[in-house]
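Q: Could you take one part of this model and go through it closely, keeping to what can be computed from the atoms?

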Amino acid sequence: MSSPGLPEGASGRLHDVGRLVGRYLFRPAFRVRIHGLGRVPRTGPVLLIANHSSLLEPPVIFGMLPRRSVFLVKEELFTGVVGRFLRRIGQVPVRRGEPDRAPLLTTAKVLREGGLVGVFPEGSRGAGDVTNAERGAAWLVRSCGANGVVVLPVATRGTRRPAGGRRRFRPRVDVLVGEPFTVEVGKGKAGLEQATERLRGELAALVCALDEMRAAQPRTKQKAKL
């Protein structure tokens with residue numbers, strides 16, 4: 001039996017505990033600021049797309065969301081106690097760099113049932129500028145047909161350690177939630193590629209907007225918001 005918004009076998013109660021952990025786990029080490037949280041749709045199928053530059057983005061985003069969410073997480077983390085916990089809170093393992101339809105089918109079912117699914121279209125960690133994207137997100141939108149999936153872009157900056165330098169004490173981490181939008185995905189490979197470029201462009205533009213926001217604000221210590 002599954003809990004609403006989660007894959008089969010996941011525990012809704014444990015999932016909610018996991019969200020609290022994600023919300024407060026990094027407060028001692030980072031000054032986390034959330035911008036635009038009110039833009040997150042509280043109901044209905046939502047595909048969240050986010051940039052990826054460190055291991056911190058998934059738990060930070062997971063913890064700040066005001067509703068249950070299912071993320072595609074790299075398979076290497078699904079070992080031992082951590083792996084069992086991730087499965088029980090409804091997160092889905094995915095093999096990077098290999099064709100793997102099983103996790104896409106699982107998350108497509110969550111979307112069709114009105115849940116929120118989070119993906120990192122870049123596929124692996126990098127600069128987080130979203131200069132490239134894989135086609136899985138567009139495939140998920142198309143798989144849900146006329147169910148009215150809304151795409152929610154989320155940009156994060158400040159989680160990556162500076163190249164060749166040490167991380168500052170309690171660095172500022174900003175999470176910017178963009179405006180939800182819809183996208184039509186045409187047939188065949190061409191349709192997927194066109195929609196993928198639209199998703200990549202929207203997310204990359206949001207990352208640029210967050211960079212400009214951070215550059216315009218003084219780096220003073222402020223109370224973290226979650």
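The part to examine is helix 6, together with what covers it.

A: This is a predicted model, in which local features need pLDDT of at least 70 and side-chain atom pairs count only at pLDDT 80 or more, while totals for chains, interfaces and linings use all residues. Residues are numbered from 1 along each chain as its sequence is written, and side-chain values use heavy atoms, with hydrogens and water left out.

Helix 6 covers residues 188–216 (helices being DSSP runs of H or I of at least four residues, strands runs of E of at least two, numbered from the N terminus), and its 29 residues should span 42 Å at 1.5 Å a residue, taken as 1.5 Å times one less than the number of residues, which agrees with the 43 Å between its end C-alpha atoms. Its buried residues (under 20% relative accessible area with a 1.4 Å probe, protein chains only; exposed is over 50%, partly exposed in between) are Gly191, Leu192, Ala195, Thr196, Leu199, Arg200, Leu203, Ala204, Leu206, Val207, Leu210 and Arg214. An α-helix has 3.6 residues a turn, so residues three or four places apart point the same way.

The cover over these buried residues includes strand 2 (46–50), strand 6 (150–157) and strand 7 (172–177), and also helix 5 (136–143). Within helix 5 lies Ser143, which is partly exposed because its relative accessible area is 23%. Beyond its neighbours within four places in sequence, Ser143 is in contact (heavy atoms within 4.5 Å) with Ala108 and Arg112. Of these two, Arg112 is 31 residues from Ser143 in sequence, yet their C-alpha atoms are 8.7 Å apart in space.
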